[in-house]
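This report looks at how selected helices sit in their surroundings, taking one helix pair and then a single helix in turn.

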Amino acid sequence: MPTEQQASPIGRDTVRFEGPRKVTGLAHYTSDFHFPGMLYAVPVGATIAKGRITKLDTSAAEKMPGVHAILHRGNIGKIYRSIPGPGFSGICEERRPPFEDDVVRYYGQYIALAVAETFESAKAAADAVRATYAAEQPNVESHLAADDEPDEVMTTFGPMKRLQSERGDPDAAFAGAPVKLDHTYVTPFETHNPLEPHSTTAIWEGSTLTLYESSQGVVNLRGVLAQMFGLPVETVRVITKFVGSGFGSKLWPWTICPLAAAAARQVGRPVRLVLPRKMMFHAVGHRPRTQQRVRLGATKEGKLVSLQQDYIYTRSMLDAHHEDCGEGTAFQYSVPNLRVTFGRAKRNIGSGADMRGPGRVPGLYAIEAAMNDLAHQLNIDPVKLRVINEPKIDEGRGIPFSSRHMLECFQLGAGKFGWSKRNPAVGSMKGNGLTLGWGMAGCSWVAARFPAAAYIQLRDDGSCRVASATQDIGTGTYTILGQLASARTGVPLEKVEVELGDTMLPEGPLSGGSMATPSLVNAVFAAADQAIESLKTLAVSAPGSPFVNHAPDDVSFANGALFLKGEGPAKGVPFFDLLRRANLRMVTGNGQSSATFGDPQAKFSTQSFGCHFVEVTWQPEIARLRVSRVVTVIDGGKIINTLAGRNQIQGAVVMGVGMALLEGTEYDPQNGAPINSSLADYLVAVNADAPAIDVHFLDHPDMEINQIGARGIGEIGLAGIAAAITDAVHHATGVRVRELPVRIEDLLA
Ligand code: MOS
């Protein structure tokens, strides 16, 4: 009996099947795993941001009840440095092993670790460690000037030329341009604040190390930890079953991982380290501050003749995180003369890190805000200005786009929003007694694949198991993998079991760069195809199969059933029937997909595109500003799960409200400490700040990226939104803010 013809599970609203487990508490996040004899670790952070430790007194702490060890430079044991490995591996931001020297380079740098029976006793012991410092004045200066560095600098991802992109003669073109714009745009330090704090539990069994970790990349983490402890990679296992998000802060390993592992090695018991919220502002990354000078030259009709972006960003004394604000600049608009350069400014703060839409989000804020400034200067509609400057190809690399439908995004977005009713005069639009401001911006985000592998089992009970060592950081990866396996095998979604988050599985992609989904498509399909090939062989050889004595090539597979090509699916046999007849529990398949990320030979520029239309309401009497309404259109290729997809964009838009109006980490110039290091003081947008959000996807599969044409969409929703909001703020208030976030005091005339 052939299985019923099913609608494809791809491209539909699909409820996450792990949802019930999450809301009923059955889902095991990293700190939900418990182990016999497990101890708790609490780090001691430096209370200066620059200087040396002259004395570390651990004697009182060591004598406290329940304390097993106080780790410090004198007793932590050997920890090696790590370096990048072949392919995209061995990546981390702060390479310095914990406690390597007595130099303090940022506030909160770990100087000791208390290990005790309970979290409370560990915390008390950590508080009892006394450090004496020779402190110096830290540099947390917010105005940025580029450090004196060579033309090519080393970054986390390898060497980068500071002259990032250049074409034509931007200086001459700017000098001769009829219309000129020259502004500097600033984005603040921003700290990721995932709901689930960073959490790591280390367990040694002999010379094998298992880490339960809240990670966006278990495979990379395994490689780094193997290096740091001098272990064969196969003796290290990393497990991440559920992640309460990361936004990039859990993309790369931080020093808490080797700290927990070193503590467990020393005390001979499992050790858990969960970072207190306050410490999440110190040593687990943040979005660097950026200061970007943008110069645009244009004709009076609005055609760009030159574009220059010179950006500076902060980094720590230790890391080489590259905040690539110029990554999208060279192809966002058509312009014959262009130059993008960058510089870096070292500060006594912890390492910077990728944060949702790293580089391009702050970069596009500046470019899109400048375009809106130019539109205002020219008295041209901002949509029209973008249409005039829409490129035909990626002018930065001189190659075509695989799929770019920006104009359709503008058209659909403007229509849904009602943009044609916009009166451009400042403060001219009213609704419900409030002043309205309307603004818009475009956005883009890179689409590429990391290397990925997956396996599939097709089993005699009609179920399917699909597995890959990737993670679900809350974006819906479990469900996406299930949908992919279901689509290729015909097994209904509810009979697909998905396993991920464990380095014992075939190496899967990072949950980063919006690349997990596009990376996995071909790998899962290839795994399914291999299992199906086994079934075809079985069909012509298994005793009792109706197809014995045919050639495997005569057999086809569709919707979970095998049939003879000559006879068609009506006479098909379900695969599980065949397995039962052959007394087989399962057939399996392994699949791989190659990387495209960073390919210098790429024939196409693969990117996602989109735009935001924003309404703010303004009450000048009480200086009350709200983002009330957002229409976002995304050209992200084929959207595999439209429900989870819309959810990603909605979340990004809410985060964009925070970026535009609320977020910013302040460092105390006296001691270098982040001042607003709590969820009460570091403001993120919450439900009450969320506007009505209307998300639309175009449906243009990008067949350059994978067999479904699905690009990633985790990050693009945050690109451009802050520029759209600041333009709406200007439209409502007449105040043009070029340093984020927009503060009430900016708007008080
Ligand atoms: Mo994203 S910043 O690549 O986790």
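## Helix packing in a predicted model

In this predicted model, Leu221, Leu225 and Met228 of helix 5 are in contact with Cys257, Pro258 and Ala261 of helix 6. Sorted by class, this contact between helix 5 and helix 6 consists of 6 nonpolar residues, with no polar and no charged ones. The axes of the two helices, helix 5 spanning residues 218-228 and helix 6 spanning residues 256-267, come within 11 Å and cross at roughly 50°. Because angles from 35 to 65 degrees fall outside both the roughly parallel and the roughly perpendicular ranges, helix 5 is oblique to helix 6. The crossing of helix 5 past helix 6 is right-handed.

Helix 11 covers residues 477-489, and its end C-alpha atoms lie 18 Å apart, in agreement with the 18 Å that its 13 residues should span at 1.5 Å a residue. Of these 13 residues, 11 are buried, so helix 11 is largely enclosed by the rest of the structure. The buried residues include Thr477, Tyr478, Ile480, Leu481, Leu484 and Thr489. They pack against four strands and one helix, set out below.

| Element packed against helix 11 | Residues |
|---|---|
| Strand 20 | 452-459 |
| Strand 21 | 464-468 |
| Strand 22 | 496-500 |
| Helix 12 | 516-541 |
| Strand 23 | 555-558 |

After helix 11 comes Gly490, which has a positive phi, near 80°.

Definitions and conventions
Residues are numbered from 1 along each chain as its sequence is written. This is a predicted model: local features need pLDDT of at least 70, side-chain atom pairs count only at pLDDT 80 or more; totals for chains, interfaces and linings use all residues. Side-chain values use heavy atoms; hydrogens and water are left out. The expected span of a helix is 1.5 Å times one less than its number of residues. Buried means under 20% relative accessible area, exposed over 50%, partly exposed in between (1.4 Å probe, protein chains only). Contact means heavy atoms within 4.5 Å. Axes are lines fitted to C-alpha atoms, for helices over the stretch in contact, and angles run from 0 to 180 degrees between N-to-C directions. Angles under 35 degrees count as roughly parallel, over 145 as roughly antiparallel, 65 to 115 as roughly perpendicular and the rest as oblique. A crossing is left-handed if the near helix is turned anticlockwise from the far one by less than a right angle, and right-handed if clockwise. Ala, Val, Leu, Ile, Met, Phe, Trp, Tyr, Cys and Pro count as nonpolar, Asp, Glu, Lys and Arg as charged, and the others, Gly among them, as polar.
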